[in-house]
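Thanks for coming. Please have a look at the model on the screen, and I will go through it one part at a time.

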Amino acid sequence: MFQQIQSFIQNLVGPHGDDFSPDYLRVAVAALCFQVMEADGTVSKSERDRLREILQDYYHLDAGKLDALLTAGQEAGKEAVDYYRFTTDIRRHLDEDQRVELIGILWDIVYADGERSEMEDHVIWRVADLLGVSVRDRVLQRQQAATRSGPAEESENEDDAV
């Protein structure tokens, strides 16, 4: 799974400078990550660290470029009124498998702080729906992220019946 995620992010192409335009695909991905992190009203250090780790591992950015991407993603997320702006661009550029992998990345960020909230579930459900990711794939990605993060949690969500 790690190599799949790495391959997914490395396949995203774009500018090589320090500036990231708001419509740049990497910014859309980072913005969705921020949307998920902020969904429960608290952005933990572990979530921020996990996002930095993911973006660094896959994009191989130096510290300055990584900070620029994070800033651009966070700003784009704050300016957005919905997820459609980001998901439309992502859906246009990524195939189905890559979109499923993106949902896995979002779940990894959710589980970075060891807690999964109803609001985080809702954001990922909505993003997955807009990306055309099936309920089955969304749930499988969540289960895999939960397994990667540590002990399996008991689920209270009806989505768990795959």
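Let me start with helix α3 and helix α4, which covers residues 63-79. The axes of these two helices come within 11 Å and cross at roughly 120°. An angle over 115 but not over 145 counts as oblique, so α3 is oblique to α4. The crossing of α3 with α4 is right-handed. Which residues of the two helices meet? On the α3 side they are Arg 48, Leu 51, Arg 52, Leu 55, Gln 56 and Tyr 59, and on the α4 side Leu 66, Asp 67, Leu 69, Leu 70 and Gln 74. Sorted by class, the contact of α3 with α4 has 6 nonpolar, 2 polar and 3 charged residues.

I should say now that this is a predicted model. For the protein chain the pLDDT averages 84, and 78% of the residues score at least 70. Where is the confidence lowest and highest among the elements? The lowest mean pLDDT, 59, belongs to helix α1, residues 2-10, and the highest, 97, to helix α7, residues 118-131. There is also a stretch, residues 13-18, over which pLDDT stays under 50. For that stretch the model has 7 contacts beyond four places in sequence.

Now the chain as a whole. The protein chain has 8 helices and 0 strands. Read from the N terminus, the elements run α-α-α-α-α-α-α-α. The chain has 162 residues, and 46% of them count as buried. Take the contacts between residues at least 6 apart in sequence: 74% of them join residues at least 24 apart.

Back to the loop between α3 and α4, where His 60 is placed. His 60 is not a glycine, yet it has a positive phi of about 55°. Is His 60 buried or exposed? The relative accessible area of His 60 is 52%, and exposed means over 50%, so His 60 is exposed.

Next, the other partner of α3 that I want to show, helix α2. Helix α2 is residues 25-38 and helix α3 is residues 45-59. They pack at an angle of about 160°, with their axes 11 Å apart. Anything over 145 degrees counts as roughly antiparallel, so α2 is roughly antiparallel to α3. The crossing of α2 and α3 is right-handed. From α2, the contact uses Arg 26, Val 29, Ala 30, Cys 33, Phe 34 and Met 37. From α3, it uses Glu 47, Arg 48, Leu 51, Leu 55 and Tyr 59. How many residues of each class are in the contact of α2 with α3? There are 8 nonpolar, no polar and 3 charged residues. Arg 48 of α3, for one, is in the contact with α2 and also meets α4.

Now for a pair further along the chain, helix α6, residues 96-111, and helix α8, residues 135-149. Their axes are 8 Å apart, and the packing angle is about 40°. That angle lies between 35 and 65 degrees, so α6 is oblique to α8. The crossing of α6 and α8 is right-handed. The α6 residues in the contact are Glu 96, Val 100, Ile 103, Gly 104, Trp 107, Asp 108 and Tyr 111. The α8 residues are Asp 137, Arg 138, Gln 141, Arg 142, Ala 145, Ala 146, Arg 148 and Ser 149. By class, the residues of the contact of α6 with α8 divide into 6 nonpolar, 3 polar and 6 charged.

One residue of this contact is worth a look by itself. Gly 104 lies in helix α6. Its relative accessibility is 0%, so Gly 104 counts as buried. Which residues does Gly 104 touch, leaving aside its neighbours within four places in sequence? Gly 104 is in contact with Gln 141, Ala 145 and Arg 148. Gly 104 and Gln 144 are 40 residues apart in sequence, but from C-alpha to C-alpha they are 7.8 Å apart in space.

The last residue is Thr 87, in helix α5, which is residues 84-93. Thr 87 has a relative accessible area of 1%, and buried means under 20%, so Thr 87 is buried. Beyond its neighbours within four places in sequence, Thr 87 is in contact with Leu 32, Val 127, Leu 130 and Leu 131.

That is what I had to show.

Note on methods
Residues numbered from 1 in each chain as written. Predicted model: local features only at pLDDT ≥ 70, side-chain atom pairs only at ≥ 80, totals over all residues. Heavy atoms only, no water. pLDDT = per-residue confidence, 0-100. Helix = DSSP H or I, 4+ residues; strand = E, 2+ residues; numbered from the N terminus. Contact = heavy atoms within 4.5 Å. Axes fitted to C-alpha atoms, helices over the stretch in contact; angles between N-to-C directions. Left-handed = near helix turned anticlockwise from the far one by under 90°. Nonpolar A, V, L, I, M, F, W, Y, C, P; charged D, E, K, R; others polar. Buried < 20%, exposed > 50% of the residue type's maximum accessible area, 1.4 Å probe, protein only.
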